[in-house]
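Please take a look at the sequence and the three-dimensional model below, which we will then walk through, beginning with a pair of facing residues and moving on to the wider fold and its charged side chains.

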Amino acid sequence: MKINLLTFATFLITFSLLSQSEEGKIRETLQSYLEGSSYNNPERIQSAFYEEADLFLSKKDQELWVLSPKEYAALFQNREKGEFNGREGKILTINRSNDIAMAKAEIRIPSRNMHFVDIFLLKKLSGKWKIISKAATLMPK
């Protein structure tokens with residue numbers, strides 16, 4: 001009985017560690033997007049996305065603004081790379097099921113009194129977590 005209990009405990013610990021490492025990899029992908037967009041790094045932004053992903057964004061006077069990762073990253077192209085631009089990103093939740101995940105983050109831009117909530121769909125592709133879709137909404141003041 002002790003051997004079975006020990007084997008079961010080892011299995012649970014291993015499963016827990018694997019789950020944590022997958023969540024860590026998802027966090028790394030999300031941080032690439034968040035830090036890339038906070039520090040004007042288009043390459044880092046694009047690295048977080050599957051190249052054919054769609055980003056569904058909020059824009060003044062436009063109900064839905066759809067961009068590719070390349071188009072979105074280009075919004076940060078003409079700014080000083082590596083310089084903090086005032087965007088503060090924070091991961092709120094991650095929910096993973098096997099090779100897919102959903103995550104939620106908030107983006108605050110205090111200087112412009114703006115607060116966004118982003119929802120991400122991620123998939124593990126060729127061993128790497130990539131954002132396959134993103135939707136953002138501007139929160140009311």
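In this predicted model, a convenient place to begin is F120, which stands opposite K134 in β6. The strands concerned are β5, covering residues 114-125, and β6, covering residues 128-138, and they pair in the antiparallel sense over 10 bridges.

From that pairing one can step back to the sheet, which is open, has six strands and follows the order β2-β1-β6-β5-β4-β3, with mixed pairing. Because β2 (62-67) and β3 (88-97) each have a single partner strand, they stand at the edges, and one side of each is left without a neighbour in the sheet. From one strand to the next, the twist averages 20 degrees. As for what holds such an arrangement together, strands of a sheet pair through backbone hydrogen bonds, either parallel or antiparallel.

The charged side chains offer a second route through the model, in which the count of salt bridges comes to eight. Helix α1, spanning residues 2-38, contains E22 and K25, which are three residues apart and thus separated by about one helical turn; their side chains meet in a salt bridge, at 3.8 Å from N to O. Which of these two residues is buried and which is partly exposed? E22 has a relative accessibility of 12% and therefore counts as buried, the limit being under 20%, whereas K25, at 37%, counts as partly exposed. The pair also belongs to a wider arrangement, since E22, K25 and K124 are linked in a network of salt bridges.

Helix α1 also holds R27 and E23, which lie four residues apart, about one turn of the helix. R27 forms a salt bridge with E23, and the closest N and O atoms are 3.4 Å apart. R27 is partly exposed, with a relative accessible area of 34%, and E23, at 32% relative accessibility, likewise counts as partly exposed.

A further salt bridge is the one in which the side chains of E43 and K81 meet, at 2.7 Å from N to O. This pair links distant parts of the chain, for E43 lies in helix α2 (residues 42-47) and K81 in the loop between α3 (69-74) and β3, 38 residues apart. E43 is partly exposed, with a relative accessible area of 46%, and K81 also counts as partly exposed, at 48% relative accessibility.

Terms used: Residues are numbered from 1 along each chain as its sequence is written. This is a predicted model: local features need pLDDT of at least 70, side-chain atom pairs count only at pLDDT 80 or more; totals for chains, interfaces and linings use all residues. Side-chain values use heavy atoms; hydrogens and water are left out. Two strands pair if DSSP finds at least two bridges between them. Helices (H or I, at least four residues) and strands (E, at least two) are DSSP runs, numbered from the N terminus. Axes are lines fitted to C-alpha atoms, for helices over the stretch in contact, and angles run from 0 to 180 degrees between N-to-C directions. A salt bridge is a side-chain nitrogen of Lys or Arg within 4 Å of a carboxyl oxygen of Asp or Glu. Buried means under 20% relative accessible area, exposed over 50%, partly exposed in between (1.4 Å probe, protein chains only).
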